[in-house]
Amino acid sequence: MTKLALGGVMFAVAVVATAYPAKAAVMGATVTNITASWLNPDPSNVYIDNEGRTVSARWGIPASWWGSRSGYDFRARTTPSDLEAGDSFRIGSFKHLNYPIYGTPLSSISLSVTFEGLIKGSDTPFKVTSLFDFEHTETPNVWGRCPTGSRSTCDDIVTATLNEGASESVVVDGMKYLFTIAGFQVNGEQFENWLTKEHRSNKANLVASLEVHPVPLPAAAWFLLTALGGLFGMRWLKRSAA
């Protein structure tokens with residue numbers, strides 16, 4: 001093999017070694033911070049508290065002196081939290097509080113959730129922000145005017161939609177770390193809308209996942225390896241025929 005061909009092989013091997021390190025990186029991450037905030041309420045006079053681990057939205061006037069306002073809560077998971085490749089993990093929990101109220105009810109509101117941290121074995125940061133749109137139906141507490149499936153007089157309806165920021169990825173040592181927001185789940189099942197009984201609450205977990213995969217080798221590197229392999233094969237055949 002000529003020096004040129006040998007140099008080409010060494011270069012190709014170096015490319016492969018860079019893309020797929022011999023010593024595999026630690027396949028995991030650490031979530032160091034989770035924050036959330038309620039945004040864009042309709043109507044605008046909805047009371048919002050975005051301080052602390054639990055952020056809240058409240059609306060209406062209690063129907064009795066001992067009653068409470070209806071509302072939403074989101075409570076972030078405590079950090080730090082270690083993740084391994086293939087893990088599904090809870091970012092936080094959403095709760096709907098349904099109480100009899102007077103006045104103007106909530107129509108819609110958005111929830112922004114951000115979780116961030118570091119890839120294990122490196123100082124590479126990651127940050128994922130997702131925005132959820134909630135539509136709320138405050139039903140009249142009158143028999144005969146309740147929604148289908150209502151189990152009280154009357155269940156309120158909550159609908160949640162992932163608006164943007166479903167996934168985010170970073171590449172470390174030739175490995176792609178993909179963080180994906182799976183959405184809200186109840187008992188392991190995907191939640192999009194539900195009915196909450198009067199005087200009761202409903203709870204759903206916001207779930208995400210971590211997947212780790214090798215970054216595909218650049219096409220140029222495969223082309224170079226194929227060409228050098230063909231060159232070496234032709235020289236070997238010529239020597240064998242001589």
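Modeller: Before you ask anything, one term: a strand is a DSSP run of E with at least two residues, numbered from the N terminus. Also keep in mind that this is a predicted model.

Colleague: Fair enough. Where does N187 lie?

Modeller: Look between two strands, the second of which, β14, covers residues 189–190. The other one is β13, which spans residues 175–186. N187 therefore sits in the loop between β13 and β14.

Colleague: Is N187 buried or exposed?

Modeller: Anything over 50% relative accessible area goes into the exposed class. N187 comes in at 77% relative accessibility, so N187 counts as exposed.

Colleague: How far is N187 from K203, going by the C-alpha atoms?

Modeller: Along the chain, these two residues are 16 residues apart. In space, the separation of their C-alpha atoms is 9.8 Å.

Colleague: On to the rings. What kind of aromatic pair do W38 and Y72 form?

Modeller: There are 16 aromatic pairs in the structure. In the pair of W38 and Y72, the centres are 5.7 Å apart and the planes make an angle of 40 degrees. Planes under 30 degrees apart would be stacked and over 60 edge-to-face, with the rest in a third class, so W38 and Y72 are tilted.

Colleague: How many residues apart in sequence are the parts that this pair, W38 and Y72, ties together?

Modeller: W38 belongs to strand β1 (residues 28–42), while Y72 belongs to strand β5 (residues 70–76). Both W38 and Y72 are buried. Because the rings sit in those two strands, the pair links parts separated in sequence by 34 residues.

Colleague: And what kind of pair do F134 and F184 make?

Modeller: Their centres are 5.8 Å apart, with 65 degrees between the planes. An angle over 60 decides the class, so the pair of F134 and F184 is edge-to-face.

Colleague: Which strands do F134 and F184 tie together?

Modeller: Both of these residues are buried, and they belong to one aromatic cluster that also includes W38 and Y72. F134 lies in residues 125–137 and F184 in residues 175–186, so the pair connects β10 and β13.

Colleague: Back to β5. How many of its residues are buried?

Modeller: β5 has antiparallel neighbours: six bridges join it to β3 (residues 54–59), and six join it to β7 (residues 88–98). β5 is mostly covered, and of its seven residues the buried ones number six.

Colleague: Last one: which residue in β5 is the bridge partner of R58?

Modeller: On the β7 side, R75 stands opposite S93. For R58, the bridge partner in β5 is G71.

Methods:
Residues numbered from 1 in each chain as written. Predicted model: local features only at pLDDT ≥ 70, side-chain atom pairs only at ≥ 80, totals over all residues. Heavy atoms only, no water. Phe/Tyr/Trp six-rings, centres within 6.5 Å; stacked < 30°, edge-to-face > 60°. Helix = DSSP H or I, 4+ residues; strand = E, 2+ residues; numbered from the N terminus. Buried < 20%, exposed > 50% of the residue type's maximum accessible area, 1.4 Å probe, protein only. Pairing = 2+ DSSP bridges.
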